[in-house]
Number of protein chains: 2
Amino acid sequence: MSRHIAVLVTDMVEEIELTDPVKAYKEAGHTVDIISNEAKKTINGKNGDEIQADRGIDEVNANDYDALLVPGGFSPDLLRINPKNSEFAKTFFQDNKPIFSICHGPQFLVNTDQLKGRELTSFVSVRKDLENAGATVKDEEVIVDGNLVTSRTPDDLPAFNRESLKLLEK
Amino acid sequence: MSRHIAVLVTDMVEEIELTDPVKAYKEAGHTVDIISNEAKKTINGKNGDEIQADRGIDEVNANDYDALLVPGGFSPDLLRINPKNSEFAKTFFQDNKPIFSICHGPQFLVNTDQLKGRELTSFVSVRKDLENAGATVKDEEVIVDGNLVTSRTPDDLPAFNRESLKLLEK
């Protein structure tokens, strides 16, 4: 069954943490919308690549999506400036839909107030914030806790994509 | 009385949040060491400026300094990768020495485990992390809580420097 996946992202994203999972989702027959501050925004990645956004956060409804991807880099920090982004992500927790997040991505998920009691991993620099948000943080290539799939760095992408695709097939 | 001030910083620093306070400290007769991952490191700022480090974190002792500045940008996130940086900063809390931090800077201070019950401000994107660390966060140009001076953005630098210099004169 084809799933419709929201990718929530802005400038300074770690590009490969967006492009590699999106490629895997599309190859498995799923569809993807890249959602950012505004529709048609040109997202300036951390390493100089440009990525075109499909939709703006003001024009999307979480009910139209089956799963959420939050890639890393410094995009997760910048996403926290607009509370609409965390409200959008919070809905996926409340509806128990798959959420995939890698590297600094879980830092953004802190702002949903939904990490208490969850088990996850992330890039090392934001782990203290995840613990302070009530999560249990492990140092493994991928952690699957119910609907939540998390990984640490681009090196973990094969495991991250493998477990994400499994959840999409359920 | 001349004070010796440690500036803890690495790549992606918001340059003006380092250069402007350092200028103010020096004009008031204080001395400054820029401390980074290693001695003589060229720090690559967020806006493309290069800043020369004086000392490496492995060769400094917090006892040799009277105060600490932690500027913002994405440097505070990157400083959290090496626990030696947070151990260094923690000493300033324990010894009740002045600590000045602006924008994303307080994000790094979370890793000292010393923010519980403290009152402070910061850039908007990291406020949830400060609250989760037990701090009370306010939205004001400068907050002075005992030895801790914090501000939100480069626009607050005049107030930030004014209150920092007052503490240095005590």
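A residue counts as buried if 20 or more other C-beta atoms lie within 10 Å of its own, and as exposed if 12 or fewer do. Keep that rule handy for the exercises below, and remember that the structure is a predicted model.

**Exercise 1. Decide whether B:Met12 is buried or exposed, and say where B:Met12 sits.**

Step 1: Find the spot. B:Met12 belongs to the loop between strand E1 (4-8) and H1 of chain B.

Step 2: Count the neighbours. There are 22 other C-beta atoms within 10 Å, so B:Met12 is buried.

Step 3: Check the backbone. B:Met12 has a phi near 70°, which is positive even though the residue isn't a glycine.

**Exercise 2. Do the neighbour count for A:Asn96: is this residue buried or exposed?**

Step 1: Locate A:Asn96. You'll find it in the loop between helix H3 (83-94) and strand E7 (99-102) of chain A.

Step 2: Apply the rule. With 10 other C-beta atoms within 10 Å, A:Asn96 is exposed.

Step 3: Look at phi. A:Asn96 isn't a glycine, yet its phi is positive, at about 55°.

**Exercise 3. Describe the surroundings of A:Leu109, starting with which helix holds it.**

Step 1: The helix is H4 (residues 105-109) of chain A.

Step 2: A:Leu109 has 29 other C-beta atoms within 10 Å, so it is buried.

Step 3: Now list who touches A:Leu109, leaving out residues up to four places away in sequence: A:Val70, A:Ala89, A:Ser101 and A:Leu115.

Step 4: Try a distance too. From C-alpha to C-alpha, A:Leu109 and A:Phe93 are 9.8 Å apart, with their positions 16 residues apart in sequence.

**Exercise 4. Work out how helix H1 and helix H6 of chain A pack, and which residues make the contact.**

Step 1: Get the geometry. H1 (residues 16-27) and H6 (residues 157-169) of chain A have axes 10 Å apart and pack at about 40°. Their crossing is right-handed.

Step 2: Pick out the residues. H1(A) brings A:Asp20, A:Pro21 and A:Ala24, while H6(A) brings A:Leu157, A:Phe160, A:Asn161, A:Ser164 and A:Leu165.

Step 3: Sort this contact by class, and you get 5 nonpolar, 2 polar and 1 charged residues.

Step 4: Turn to chain B. Here the axes of H1 (residues 16-27) and H6 (residues 157-169) come within 10 Å and cross at roughly 40°. The crossing of H1(B) and H6(B) is right-handed.

**Exercise 5. Give an overall picture of chain A: how many helices and strands does it have, and what does its radius of gyration tell you?**

Step 1: Chain A has 6 helices and 11 strands.

Step 2: A compact globule of 170 residues would have a radius of gyration near 15 Å, and chain A comes in at 14 Å, which agrees. The C-alpha trace of chain A spans about 35 × 35 × 30 Å along its principal axes.

Step 3: Of the 170 residues in chain A, 52% are buried.

Step 4: Take the contacts in chain A between residues at least 6 apart in sequence: 62% of them join residues at least 24 apart.

Step 5: Bring in the record. An unreviewed UniProt entry lists residues 4-166 of chain A as "domain: DJ-1/PfpI". That span is 31% helix and 23% strand, and its end C-alpha atoms lie 15 Å apart.

**Exercise 6. Find how many residues of chain B are in contact with chain A, and which helix of chain B gives the most.**

Step 1: 13 residues of chain B are in contact with 13 residues of chain A.

Step 2: On the chain B side, helix H2 (75-79) and helix H5 (127-132) are the elements that give two or more residues. H5(B) gives the most, with 3 residues.

Step 3: By class, this side of chain B has 6 nonpolar, 3 polar and 4 charged residues.

Notes: Residues are numbered from 1 along each chain as its sequence is written. Chains are lettered from A and ligands numbered from 1 in the order in which they are written. This is a predicted model: local features need pLDDT of at least 70, side-chain atom pairs count only at pLDDT 80 or more; totals for chains, interfaces and linings use all residues. Two residues are in contact if their C-beta atoms, placed from the backbone, lie within 7 Å. Helices (H or I, at least four residues) and strands (E, at least two) are DSSP runs, numbered from the N terminus. Ala, Val, Leu, Ile, Met, Phe, Trp, Tyr, Cys and Pro count as nonpolar, Asp, Glu, Lys and Arg as charged, and the others, Gly among them, as polar. UniProt positions are given in the numbering used here, feature names are shortened, and annotations may be inferred rather than shown by experiment. Axes are lines fitted to C-alpha atoms, for helices over the stretch in contact, and angles run from 0 to 180 degrees between N-to-C directions. A crossing is left-handed if the near helix is turned anticlockwise from the far one by less than a right angle, and right-handed if clockwise. The radius of gyration is taken over C-alpha atoms; the globule rule is 2.2 Å times the number of residues to the power 0.38.
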